Amino acid sequence: QVQLVESGGGLVQAGGSLRLSCVGSGRTFSSYTMGWFRQAPGKEREFVAAINWSGGSTDYADSVKGRFTISRDSAKNTMYLQMNSLKPEDTAVYSCAAKRFWSVTQYEFRGQGTQVTVSS
């Protein structure tokens, strides 16, 4: 079982930056592929970014490429999402998720989420 807790959300002006954190529990956390997702009001949840267990492989949604950076610190059981050049359309609840294998589509564990609001 893996439990995930996000933090770091808030209100920021367009063009600003935020760093989200996701702390995981469980001895096997470091072996999991981790991902960030977001859901805006009235919209479906969408993929933002993912990172494999070693940090050697990452993947991003086209809408955030070049602006967001995903990383992890396995010693701290923590994953990060550095968000730069934020836009109003980035406003959403951001949540982290974990799955055992990079190649599997479905994530097994999810956090509750943290609100990010970008004002214009």
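Let me start with two rings. Phe 37 is buried, and Tyr 107 is buried too. Keep in mind that this is a predicted model.

Where does Phe 37 sit? It lies in strand S4, while Tyr 107 lies in the loop between S9 and strand S10, residues 109-110. The two are 70 residues apart, so this pair links distant parts of the chain.

Now the rings themselves. A search of the whole structure finds three aromatic pairs. Phe 37 and Phe 47 form an edge-to-face pair. Their centres are 5.8 Å apart, with 75° between the planes. Phe 37 is in strand S4 and Phe 47 is in strand S5, so the pair ties together parts 10 residues apart in sequence.

How buried is each ring residue? Phe 37 has a relative accessible area of 9%, so it counts as buried. Phe 47 comes out at 28%, so it counts as partly exposed. Phe 37 also pairs with Tyr 107, again edge-to-face. Here the numbers are 5.0 Å centre to centre and 85° between the planes. Put together, ring pairs link Phe 37, Phe 47 and Tyr 107 into a cluster.

Next, the strand that carries Phe 37. Strand S4 covers residues 33-39. Six of its seven residues are buried, so the strand is largely enclosed by the rest of the structure.

Which strands pair with S4? One is S5, residues 46-51, antiparallel, over five bridges. In that pairing, Phe 37 has Phe 47 as its bridge partner. So these two residues are bridge partners as well as an aromatic pair, which ties S4 to S5. S4 and S5 also form a hairpin, with six residues between them. In the turn, Gly 42 has a positive phi of about 75°.

S4 pairs with S9 as well, residues 92-99. That pairing is antiparallel too, over seven bridges. Here Trp 36 of S4 has Cys 96 of S9 as its bridge partner.

Cys 96 brings us to Glu 6. Glu 6 lies in strand S1, residues 4-7. Glu 6 is buried, yet has no salt bridge. How far away is the nearest side chain of opposite charge? That is Arg 110, at 8.1 Å.

What does the Glu 6 side chain have beside it instead? Backbone nitrogens. The one of Cys 96 lies 2.8 Å from a polar atom of the Glu 6 side chain. The one of Gln 112 lies 3.2 Å from a polar atom of that side chain. Beyond its sequence neighbours within four places, Glu 6 is in contact with residues including Cys 22, Trp 36, Tyr 94 and Thr 114. Trp 36 and Cys 96, the bridge partners just mentioned, are both among the contacts of Glu 6.

Last stop: strand S11, residues 114-119. In a regular strand, side chains alternate between the two faces of the sheet. S11 shows such alternation. Thr 114, Val 116 and Val 118 point to one face and are buried. Gln 115, Thr 117 and Ser 119 point to the other and are not.

What does S11 join? Strand S2, residues 10-13, runs parallel to S11, with four bridges. Gln 13 stands opposite Ser 119 there. S9 runs antiparallel to S11, with three bridges. There, Tyr 94 stands opposite Thr 114. Both of those residues also contact Glu 6.

To recap: a ring cluster of Phe 37, Phe 47 and Tyr 107, a buried Glu 6 without a salt bridge, and an alternating S11.

Definitions and conventions: Residues are numbered from 1 along each chain as its sequence is written. This is a predicted model: local features need pLDDT of at least 70, side-chain atom pairs count only at pLDDT 80 or more; totals for chains, interfaces and linings use all residues. Side-chain values use heavy atoms; hydrogens and water are left out. Buried means under 20% relative accessible area, exposed over 50%, partly exposed in between (1.4 Å probe, protein chains only). Lys and Arg count as positive and Asp and Glu as negative; His and the chain ends are not counted. A salt bridge is a side-chain nitrogen of Lys or Arg within 4 Å of a carboxyl oxygen of Asp or Glu. A polar contact is a pair of N or O atoms within 3.5 Å; within protein, one must be able to donate a hydrogen and the other to accept it, and residues adjacent in sequence count only if both atoms are side-chain atoms. Contact means heavy atoms within 4.5 Å. Two strands pair if DSSP finds at least two bridges between them. Rings of Phe, Tyr and Trp (its six-membered ring) pair if their centres lie within 6.5 Å; planes under 30 degrees apart count as stacked, over 60 as edge-to-face and the rest as tilted.
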